[in-house]
Amino acid sequence: MKKAFVIIDMQNDFIDGMLGSPAAQAIVPRIIDKIKTHRQKGSAIIFTRDTHGQDYLQTQEGRNLPVPHCIAGTPGWQISDPIAAAADLSACIVFNKDCFGSLELAQYLCQEGYEDIELAGLVSSICVVSNALLIKAHLPEARVTVDAACTAGVSDEDYQASLCVMKMCHVAMDN
């Protein structure tokens, strides 16, 4: 069975930068442990990276969330150093995405025939849920799992709501 561990947007701006939070910081060691576990299982380690341009504030997202973040090439755009080191980022596939979900990621997982896909990362109620649902739509028979202990939301309320939505769409919870 072909397995993948997909790490969503574990970038500096979401951890301790412009949109960071203590909850986001708390999941970093857990994700590092998950990377080690998945390496031992032979899973592919795949990343997404939220990627915006200098025109961010002129985009629909920028008008709705007027906090410039993850601007390509900036320190906030980079995947967290401890996570990048644990995964050996140079040996991983990274999908840069300019919106919440990555069609390219979902299509890649489908084309490559992944059957067991676990997701972790940030932010649970925006990019994690978007990618989980895109993957499930592309691979309806695949086992898609989110480790609830390895994701965080903007608030506890939106975190719980995102977990509920994913469960309702047959994304399993692992924690």
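This dialogue explains how to read the sheet, one helix and the aromatic contacts of a predicted model.

Visitor: On what basis are residues numbered and features accepted here?

Guide: Residues are numbered from 1 along each chain as its sequence is written, and side-chain values use heavy atoms, with hydrogens and water left out. Since the model is predicted, local features need pLDDT of at least 70 and side-chain atom pairs count only at pLDDT 80 or more, while totals for chains, interfaces and linings use all residues.

Visitor: In what order do the strands of the sheet stand?

Guide: Strands of a sheet pair through backbone hydrogen bonds, either parallel or antiparallel. Helices (H or I, at least four residues) and strands (E, at least two) are DSSP runs, numbered from the N terminus; two strands pair if DSSP finds at least two bridges between them. Here six strands make an open sheet in the order β3-β2-β1-β4-β5-β6, with parallel pairing. The edges are β3 and β6 (172-174), each with a single partner strand, so one side of each lacks a neighbour in the sheet. From one strand to the next the twist averages 25°.

Visitor: How many bridges join β1 to β2, and which residues stand opposite each other?

Guide: Parallel strands β1 and β2 are joined by five bridges, and Ile7 stands opposite Phe47 in β2. Five bridges also pair β2 with β3 in the parallel sense, where Thr48 stands opposite Phe95 in β3. Strand β5 (residues 143-152) runs parallel to β6 and is joined to it by three bridges; Thr145 has Ala172 in β6 as its bridge partner.

Visitor: Which strands does helix α7 touch?

Guide: Contact means heavy atoms within 4.5 Å. Axes are lines fitted to C-alpha atoms, for helices over the stretch in contact, and angles run from 0 to 180 degrees between N-to-C directions. Helix α7 (residues 156-168) packs on the sheet and touches β5 and β6, its direction making about 175° with that of β5. Helix α2 (residues 22-41) lies across β1, β2, β4, β5 and β6, at about 140° to β5.

Visitor: Which residues of helix α5 are buried?

Guide: An α-helix has 3.6 residues a turn, so residues three or four places apart point the same way. Buried means under 20% relative accessible area, exposed over 50%, and partly exposed in between (1.4 Å probe, protein chains only). In α5 (residues 103-111), Leu105, Ala106, Tyr108 and Leu109 are buried. These residues cover an arc of only 160° around the axis, which puts them on the same side of α5; the arc is that of the directions from the helix axis to the C-beta atoms. Their cover includes β1 (3-8), β2 (44-50), β3 (93-97), β4 (116-122) and α6 (124-138).

Visitor: How many aromatic pairs does the structure hold?

Guide: Rings of Phe, Tyr and Trp (its six-membered ring) pair if their centres lie within 6.5 Å; planes under 30 degrees apart count as stacked, over 60 as edge-to-face and the rest as tilted. The structure holds two such pairs. Phe95 and Tyr108 form a tilted pair, 5.6 Å centre to centre with 55° between the planes. Phe95 lies in strand β3 and Tyr108 in helix α5, so this pair ties together parts that are 13 residues apart in sequence. Tyr108 and Tyr114 are also a tilted pair, at 6.2 Å centre to centre and 40° between the planes. Phe95, Tyr108 and Tyr114 form one aromatic cluster.
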